[in-house]
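Here's a quick walk through a two-chain model, written for someone who'd rather look at side chains than read tables. Have the structure open as you go.

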Amino acid sequence: MMNDPHKIADARRLVISFLSGEIDEVPAAQLEFLITHDPDFLDSLGGGASRGASACLSPDILTAFAESPPDRAADMFQSEATHLEECAMCRFEIDALRRVISAEAPAWERFARELDQNDAVLILVGSNWVLADRVTRETAGDLTSAPVQVGAWNFEVSPRRSFALALPKPPLAGSRVALGGSAPLFVEITPTHIVSRKKEEWVVSVKLGRDASVELALIELRSLPNERGPRREQVSRGEEVRFTVEPPRERFLWIWVEGWFGGRDGRKEQDLVEIPLLTGEGASE
Amino acid sequence: MGSAGEGVVLPLELRIEDTSARAAEQAERLRAVRERYRLVEDTFRPAGRPVVRGLWSALNDERPSDVALARRLEQTLRREVSPAYLPLLRHRLRQRLGVLFFVLDEVPKGRPDLDGDASLLEWVEERWGWEKESKGTLRGLASLARASADERTLGWALLSRILVNGRKPPGHSDYDVALTLVRLSARSDDAEVKRRLDLWSLWASEDAHLAVLRRLSQLTGAYRTFLPACWYLSCLRGMRVERILGRLRPLESEQNEIKYIVAKLEARR
């Protein structure tokens, strides 16, 4: 049986009109026609209203993929990248986000220039990002009570700002090199607010690069350089480990790394990597 | 030859029956999707609803770019529609549809559902991020979904919202839409539909009933969040306050507000 594109389009239009409330019935014959000739269309309907919604990606992950190039997101979210290959809805969202991001880029550049011109940096106080003097680190007056979000898109007041983009993107994400270049680390820090427990936590993800010279590494997260963290995790090349921690007291986090060259019986080296929790100073790449 | 011919006919018959059954199943699913959308649409401000409707059609259709969609909506609505505004609306639309998905699809399958919508809000935050000002809207939507969980339609939930929000008269387009949802889901001999519509009309027309609703709808916080669902469960479905609390599962600190609402409604029942 031939698939008549016009007939399919007509049947689709009827279904869409029904969902929008323009008509009150889709003739059974049209539905049967779509079931036979265009079942994917019927399955894709609903925008998350019914089955399939739980599989779709959250806005912050979509935003990560919307960045250009999306390599980092693909590296950090591998299973989600697989989902993207199959989900037209998520690809559609990403395309829309890309357009908004490119429209917003000049505003970000202006903002960065303003920071430079005013010798200001953005620092984290509690869970808020505030403007501070680049040298003294003193917060700049009233801005302490009016936090500026970093990695987000609402640094200037605009009721039309996209909420999806106003979400704190992973504010600190980038590469660090440990063990003299033998252990490249991809680090991502995401502050989260846990509603049910009414507290804040940071999720710190550390991934050992696939091109690492060490075969194995022990990773430990420290809130002070000489204070051991609560746990150590072993990772091999390309693997990621996540830590959930209280918001740090200091303006740095430290990652203690112990790496093996040639397996657990091979040579062992240690390193301590400092992560400054400041933007504009190399923490965010 | 004869037996070979019979072998061909039988599978064909089976396939036709199967397609009809699947068409009926799809029709039911589409009806539910439409109802969910319509209830969600009602949670947007009236001025934004035509744009949300355009987004809804676009989500189900060829998914044009936001720029193209904004242009199309501008032509249809004859007003300015900024493409930068659309991601926010689409995000909220999907977030709210997600609330219904959680309560109506996930909870029956056994997903944990702590009191005070804690699990729901955590799920929403995990997937969609947190937006403080949406909390009341999301919880209000969830309460209506909980009130409707064992019903055939969300039409009554929509009618409850319309009544409480003061958009009453039969003939008003919102009322007609809700009524259509109810009728599409009703069986032809459903006397319960008539009983409920009569009750609704009574509350929408009698001054004393209207005064109760007006006073309650002026309250804020949990009162505002739960009022439509309380009216639905107390007045339309005749539930007592203990069952309503069990159904809506508020925080302990919110129970008094619900008891107050229900007591006021019961006094007029």
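## Chain B, all helix

Let's start with chain B, bearing in mind that everything here comes from a predicted model. Chain B has 269 residues, and 53% of them count as buried. Its secondary structure is easy to remember: 13 helices and zero strands. Walk along from the N terminus and you meet one α after another.

The contacts in chain B reach a long way along the sequence. Taking those with a separation of 6 or more, 69% are between residues 24 or more positions apart. On the outside, the accessible surface of chain B is about 12500 Å², and carbon and sulfur atoms hold 51% of that.

## Chain A, helices plus strands

Chain A mixes its elements, with eight helices and ten strands. It runs to 285 residues, 48% of which count as buried. Of the chain A contacts with a separation of 6 or more, 51% join residues 24 or more positions apart. The accessible surface here is about 14200 Å², with 49% belonging to carbon and sulfur atoms.

## A buried tryptophan and its neighbours

Back in chain B, have a look at B:Trp156, which sits in helix α7 (residues 155–164). Is B:Trp156 buried or exposed? It counts as buried, because its relative accessibility is just 5%, and the cut-off for buried is under 20%.

What does B:Trp156 touch, leaving out residues up to four places away in sequence? The list is B:Glu151, B:Val182, B:Val193, B:Arg196, B:Leu197, B:Tyr232 and B:Leu236. You can also check the distance to B:Ala178: that residue is 22 residues away in sequence, yet the two C-alpha atoms are 7.3 Å apart.

One of those contacts, B:Arg196, has a job on the side: its side chain meets that of B:Glu192 in a salt bridge (2.9 Å, N to O). Both residues lie in helix α9 (residues 191–205), four residues apart, or about one turn of the helix. B:Arg196 is buried at 6% relative accessible area, whereas B:Glu192 is partly exposed at 30%.

## Salt bridges

Over all chains, the whole structure has 33 salt bridges. A good one to zoom in on joins B:Asp113 and B:Arg146, at 2.6 Å from N to O. B:Asp113 lies in the loop between α4 (86–106) and α5 (118–128), while B:Arg146 is in helix α6 (residues 135–148), so this pair ties together parts that are 33 residues apart in sequence. Both ends are tucked away: B:Asp113 is buried with a relative accessible area of 9%, and B:Arg146 is buried with 6%.

That pair belongs to a network of salt bridges linking B:Asp113, B:Asp115, B:Asp117, B:Arg139, B:Arg146, B:Arg249 and B:Glu254. Over in chain A, the side chains of A:Arg228 and A:Glu220 make a salt bridge too, at 3.6 Å from N to O. A:Arg228 is exposed, with a relative accessible area of 56%, but A:Glu220 is buried at 0%.

## Two residues with positive phi

B:Arg249, a member of the network above, has a positive phi of about 50 degrees although it isn't a glycine. You'll find B:Arg249 in the loop between α12 (241–248) and α13 of chain B, where it is partly exposed at 31% relative accessible area.

Chain A has a case as well: A:Leu179 isn't a glycine either, and its phi is near 55 degrees. A:Leu179 lies in the loop between β3 (172–178) and β4 (183–194), and it is buried, with a relative accessible area of 6%.

## A positive patch, and a proline touching chain A

On the surface, B:Arg214, B:Arg215, B:Lys264 and B:Arg268 form a positive patch. Helices α10 (207–217) and α13 (255–268) of chain B each supply at least two of its residues. B:Arg268, found in α13, counts as partly exposed at 37% relative accessibility.

Finish at B:Pro64, in the loop between α2 (49–60) and α3 (66–77) of chain B. At 10% relative accessibility, B:Pro64 counts as buried. Leaving out residues up to four places away in sequence, B:Pro64 touches B:Ala58, B:Leu69 and B:Arg72, along with A:Phe92 from chain A.

Note on methods
Residues numbered from 1 in each chain as written. Chains lettered and ligands numbered in written order. Predicted model: local features only at pLDDT ≥ 70, side-chain atom pairs only at ≥ 80, totals over all residues. Heavy atoms only, no water. Patch = residues over 30% accessible without salt bridge, like charges linked within 9 Å, V, L, I, M, F, W, Y side chains within 5 Å. Areas by Shrake-Rupley, 256 points an atom, 1.4 Å probe, with all protein chains shown as cover. Salt bridge = Lys/Arg side-chain N within 4 Å of Asp/Glu carboxyl O. Lys, Arg positive; Asp, Glu negative; His and termini not counted. Charge placed at Lys NZ, Arg CZ, Asp CG, Glu CD. Buried < 20%, exposed > 50% of the residue type's maximum accessible area, 1.4 Å probe, protein only. Contact = heavy atoms within 4.5 Å.
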